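Me: I would like a close look at a single residue and its surroundings. Please start small and work outward.

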Amino acid sequence: MDSAQYQVLTSDQCVVMLDLLPVAAFHFLVLSKKEIDSLYEDIPLLQHMHEMGLEAAKKTGLPTERFDLGYHQRLSQRRLHLHVVSRDYNSPHLRGKFKFKKASS
Ligand SMILES: [Zn+2]
């Protein structure tokens, strides 16, 4: 399978892809090209990733306020990524352990 078909946007610093196991109607991953160890290591990169995530969200036609954005880094990987998820959280992949707890507002 060619990963290019899942790419939504690219820049010199990151790639925006469709999540292969979406937890909502729209679920993007913003992957930094550079490996970083912590959220605080490269703030301009995080800002750029955030902007790219919002750009991908806009492509859906939904207002960006209808998306949750959250950074994630697995302990086993140094590559930080940003999840951009539409707030419907409606997906067959959302069974069992992948359920999100909704934040109260
Ligand atoms: Zn993740």
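Reply: Start with a definition. A residue is buried if 20 or more other C-beta atoms lie within 10 Å of its own. Keep in mind that this is a predicted model.

Now take Ala 57. Is Ala 57 buried or exposed? It has 23 C-beta neighbours inside 10 Å, so Ala 57 counts as buried. Across the protein, buried residues make up 21% of the 105 residues.

Where does Ala 57 sit? Its place is in helix α1, which covers residues 43-58. Which residues does Ala 57 touch, leaving aside those up to four places away in sequence? They are Leu 62, Thr 64, Phe 67 and Val 84. Look at Phe 67 in that list. Phe 67 is ten residues from Ala 57 along the chain, and their C-alpha atoms are separated by 7.3 Å.

Next, follow Val 84. Val 84 belongs to the largest nonpolar core, a set of 16 residues. Val 84 is among those with the most contacts inside this core, together with Val 16, Phe 28, Val 30, Met 52 and Ala 56. Which elements give two or more residues to the core? They are β2 (14-18), β3 (27-32), α1 and β5 (81-86). The largest share, four residues, comes from α1. There is a general pattern to recall here. In soluble globular proteins, nonpolar side chains tend to be buried together.

Val 30 shows how the parts meet. Not counting residues up to four places away in sequence, Val 30 touches Val 84. The other contacts of Val 30 are Cys 14, Val 16, Met 49, Met 52, Gly 53, His 81 and Leu 82.

Now step back to the strands. Five of them form an open sheet in the order β1-β2-β3-β5-β4, with antiparallel pairing. The edge strands, β1 (7-10) and β4 (67-72), each pair on one side only. On average, neighbouring strands are turned by 20° against each other, direction ignored. Within the sheet, β3 and β5 pair over five bridges in the antiparallel sense. Leu 31 stands opposite His 81 in β5. Helix α1 packs on the sheet and touches β1, β2, β3, β4 and β5. The direction of α1 makes about 150° with that of β3.

Last, the whole chain. The protein has one helix and five strands. From the N terminus on, these elements run β-β-β-α-β-β. Consider contacts between residues at least 6 apart in sequence: 52% of them join residues at least 24 apart.

Methods:
Residues numbered from 1 in each chain as written. Predicted model: local features only at pLDDT ≥ 70, side-chain atom pairs only at ≥ 80, totals over all residues. Buried ≥ 20, exposed ≤ 12 C-beta atoms within 10 Å, placed from the backbone. Contact = placed C-beta atoms within 7 Å. Core = buried A, V, L, I, M, F, W, Y, C linked by C-beta atoms within 7 Å. Pairing = 2+ DSSP bridges. Axes fitted to C-alpha atoms, helices over the stretch in contact; angles between N-to-C directions.
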